[in-house]
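Reader: I would like to go through some of the labels attached to this structure and hear, for each, the reasoning that supports it.

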Amino acid sequence: PVIAGMLPPGTAVRNQTAPRRRQTAPQGVGKPPVAPDAARDVEVEKRRTQSLKAPETPTLRVARLGDESPSRSDESFSSSDKRSRRGRRSRSKQSVPLFKTSNFNKQNKDFAQLLRTQQIAAHEGPIWTMQFSRNGDFLATAGQDSMICLWVVLAFGTNSRSGGTNDDKSQTSTESAGRSSDLYMERTPIRRFAGHRADVSGLSWSKNNFILSASVDKTVRLWHPDSDVCLHVFGHTDSVTTVTFHPFDETKFITGSIDGFLRLWSISPEAKELEVAHVEDIVTTSNINRDGKTAIVGTYGGRCKFYSLTNEVGEWSLRHTTQLEVRSRRGKNVKAKKITGFTFVPHGDEFLVTSNDSRIRLYRNDDKTLVCKFFGHQNLRSSLFGTFSADGRFLISGSEDRQIYVWDVNSGCEKKMSYGAFQPHDNSDIGAAMFAPPLGCDGVGDKPSDTNSIIILSCSFSGEIAVFQSL
């Protein structure tokens, strides 16, 4: 790699291939006696209230390792205790499907059940961000404790990602319990990068496994799995909210910060700031188009701004080209809200924009026209954003109601869309949710999704990482 010289002497850089449930009181306890007439009135009022309730969000029953059968799982993940009790009563009759569409289309059986294969206590405090390396060999997590944890993905199904020991592979095989695919990570990270003095707000991987971390401490730091030490510190004038490596040239990256500036940086041959652009608003998120020519910046005021990364003679620059205001034409979302994330459609010419009006919008890349909107989740204050599965068939996002929502993109948008939700963590908010990349990926997503091999990861405000597999 071009920036291999930044590692400590004697360190060889290689393209890594990695070796309380809520308690309910018994009926009648703590409640005053009710007269027979009053009891009838209460029952009538209860039925009338239930008939006026809005349709419930589809819930997903999650089995756990050690259960005799998925259908005998002792816990139903849902945001309502009443729905959980109803789910337990009906579990012996049939499984609860994830996808219950608004037009009552019951033919979609994708993600009917999920098995939680692993829970890891990863951080002390909330996890704000997690990112897989482009080849899928590593997972990086970071959050409020200012630490960056690096995890090795040992196996995906029957294939090992690393040269692990026979004991490791045996343990993985035992936990897989005959399933067709299983993501397995060591419970202890191989690296704990320390150096930041405040929350880590963003992570970005290069094609050769260098990693950048953005922090509220006004710095961006460069790391690599082969070294414990920070390779370089890039200072800023205010808290850094986002960082993005260039998709092809790993010596270049962009950052955005609260001071309203977008910066283009060079790592090699000299670590320095190349260009600065005033965005005129707090920068909340960023990304770079797959062709490497355009940077997209999201702002607190709900605008997407586009910048060309090269000028007419091919030199590096930041030139503002156009902008897009993300809002609805009418209703409560007519005012634009904070942009929380961008995601590009795998092998497509569209991109997703997630914003704090509880909407995920799909736009065309060429003319910036709106294709469709996805909704059902809650995202009014957080930095959650939606991402695709490897083939673009499914969309996933965390929600402020402590559930993960999954949409079937092929089912259509808005009133025709098919989606469902489940609660991945016990009594904790979600920091991020994503699909795991398939084995041997290149960071683009070049393999179709087999529903039975899809892995979902979620991190929480309690510092936990949870791994789920579709059955």
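Reader: Why is the pairing of aspartate 429 with arginine 402 called a salt bridge?

Author: In this predicted model, the closest N and O atoms of aspartate 429 and arginine 402 are 2.9 Å apart, and because a salt bridge asks for a side-chain nitrogen of Lys or Arg within 4 Å of a carboxyl oxygen of Asp or Glu, the pair qualifies. The two residues belong to distant parts of the chain, 27 residues apart, with aspartate 429 in the loop between β29 and β30 and arginine 402 in the loop between β27 and β28.

Reader: What makes aspartate 429 and arginine 402 partly exposed?

Author: The relative accessible area is 26% for aspartate 429 and 30% for arginine 402, and because buried means under 20% and exposed over 50%, both values fall in between.

Reader: How do you know that glutamate 350 and arginine 364 form a salt bridge?

Author: Their closest N and O atoms are 4.0 Å apart, a value to be set against the cut-off of within 4 Å, and the pair is listed as a salt bridge on that basis. Glutamate 350 lies in strand β23 and arginine 364 in strand β24, so the pair ties together parts that are 14 residues apart in sequence.

Reader: Why is lysine 252 called buried, whereas its salt-bridge partner aspartate 249 is called partly exposed?

Author: Lysine 252 has a relative accessible area of 9%, which is under the 20% that bounds the buried class, whereas aspartate 249, at 23%, is past that bound but not over 50%. The closest N and O atoms of this pair are 3.7 Å apart.

Reader: What makes serine 355 buried, and how do you know that its side chain has polar contacts?

Author: Serine 355, in strand β23, has 0% relative accessibility, and because buried means under 20%, the label follows. Its side chain is joined to that of aspartate 357 by a polar contact of 2.6 Å and to that of arginine 361 by one of 3.3 Å, and both distances satisfy the cut-off of within 3.5 Å.

Reader: Why are β10 and β13 described as edge strands?

Author: The open sheet has the order β10-β11-β12-β13, with antiparallel pairing; β10 and β13 each have a single partner strand, so one side of each is left without a neighbour in the sheet.

Reader: How do you know that β12 and β13 pair?

Author: Four bridges join them, and because pairing asks for at least two, the condition is met. Within this pairing, arginine 221 has valine 233 in β13 as its bridge partner.

Notes. Residues numbered from 1 in each chain as written. Predicted model: local features only at pLDDT ≥ 70, side-chain atom pairs only at ≥ 80, totals over all residues. Heavy atoms only, no water. Buried < 20%, exposed > 50% of the residue type's maximum accessible area, 1.4 Å probe, protein only. Polar contact = N/O pair within 3.5 Å; in protein donor to acceptor, adjacent residues only side chain to side chain.
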